[in-house]
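User: Could you take a close look at the cysteines in this protein for me? I'd like to know which ones are bonded, where they sit and what surrounds them.

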Amino acid sequence: SSPLSHLFPTLIPPFPHPYPFSPPVPRFSPALTPVFPAVKPRLDSEGCPGRQNWTEGQEGTLKCRAKGRPEPEVKCSKDGNSITAGTQHLADRSHAGTYRCRATNELGTAERDVTVWVQC
């Protein structure tokens, strides 16, 4: 692809001219603005650690953020029960186990298993 394949034209209004008797300037000047390409979802150990430790009786948060463009939607579940990643839950032993997290956008889906340990 050419170096300009990720650009699209944008009209940008001109700056006011500093001299009152200068020739007229067109109302808009064309410019090229970068377009960021779409990217399929990705779940990695940085945004979605595979092992997470919670403490019983304290707030625990299932950390799982996906990368991608447009921003992927992330859903996690364990034994058929959904849990919202990124929200706090009062940790108890029933939260312990392996969660399947799935990130989806219009380009595809990524999955990752996350094991939550709940310490007493």
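Analyst: Here is a walk through the cysteines, starting from the overall fold and ending with the surroundings of the bonded pairs.

Please keep in mind that this is a predicted model. The protein has zero helices and eleven strands, so let's use those strands as landmarks. Of its 120 residues, 22% are buried. Contacts between residues 24 or more positions apart account for 57% of those with a separation of 6 or more. About 8,900 Å² of the protein is exposed, and carbon and sulfur atoms supply 55% of that area.Now to the bonds themselves. A search of the whole structure finds two disulfides. A disulfide is a covalent bond between the sulfur atoms of two cysteines. With the bonded cysteines numbered in sequence order, the pairing reads 1-2, 3-4.

Let's take the pair Cys48 and Cys64. Their sulfur atoms lie 2.1 Å apart. The torsion about this S-S bond is about -90 degrees, which makes the disulfide left-handed. Both partners sit in loops: Cys48 lies between β3 (39-42) and β4 (51-55), while Cys64 lies between β5 (59-61) and β6 (67-69). The bond thus links distant parts of the chain, 16 residues apart. Cys48 has a relative accessible area of 0%, so this residue counts as buried. Cys64, at 6%, is buried too, because the cut-off for that label is under 20%.

The other disulfide joins Cys76 to Cys101, again with an S to S distance of 2.1 Å. Here the torsion is about 115 degrees, so this disulfide is right-handed. Cys76 belongs to strand β7 (residues 73-78) and Cys101 to strand β10 (residues 97-105), so the bond ties together parts of the chain that are 25 residues apart in sequence. Cys76 and Cys101 are both buried.

One more cysteine deserves a mention as a contrast. Cys120 has a relative accessible area of 72%, so this residue is exposed.

What surrounds the bonded cysteines? The largest nonpolar core has 17 residues, and Cys64, Cys76 and Cys101 are among those with the most contacts inside it, along with Leu43, Trp54 and Leu62. The elements that give two or more residues to this core are β10 and β11 (108-119). Strand β11 supplies the largest share, four residues.

Cys101 is a handy place to see how these parts come together. Leaving aside neighbours within four places in sequence, Cys101 touches its bonded partner Cys76, and its contacts also include Cys48 and Cys64 of the other disulfide. Leu43 and Leu62 are in contact with Cys101 as well, and so is Lys75. The list is completed by Ala110, Glu111, Arg112 and Val114.

Strand β4 follows the loop that holds Cys48, and its two faces are worth a look. In a regular strand the side chains alternate between the two faces of the sheet. On β4, Gln52 and Trp54 make up the covered face, whereas Arg51, Asn53 and Thr55 make up the uncovered one. Trp54 is also one of the core residues with the most contacts. Strand β4 runs parallel to β11, and five bridges join the two. Within this pairing, Thr55 stands opposite Gln119 in β11.

Conventions
Residues are numbered from 1 along each chain as its sequence is written. This is a predicted model: local features need pLDDT of at least 70, side-chain atom pairs count only at pLDDT 80 or more; totals for chains, interfaces and linings use all residues. Side-chain values use heavy atoms; hydrogens and water are left out. A disulfide is a pair of cysteine sulfur atoms within 2.5 Å. Buried means under 20% relative accessible area, exposed over 50%, partly exposed in between (1.4 Å probe, protein chains only). A nonpolar core is a set of buried Ala, Val, Leu, Ile, Met, Phe, Trp, Tyr and Cys residues joined through side-chain atoms within 4.5 Å. Contact means heavy atoms within 4.5 Å. Two strands pair if DSSP finds at least two bridges between them. Accessible areas come from the Shrake-Rupley method with a 1.4 Å probe; for residues, only the protein chains shown count as cover.
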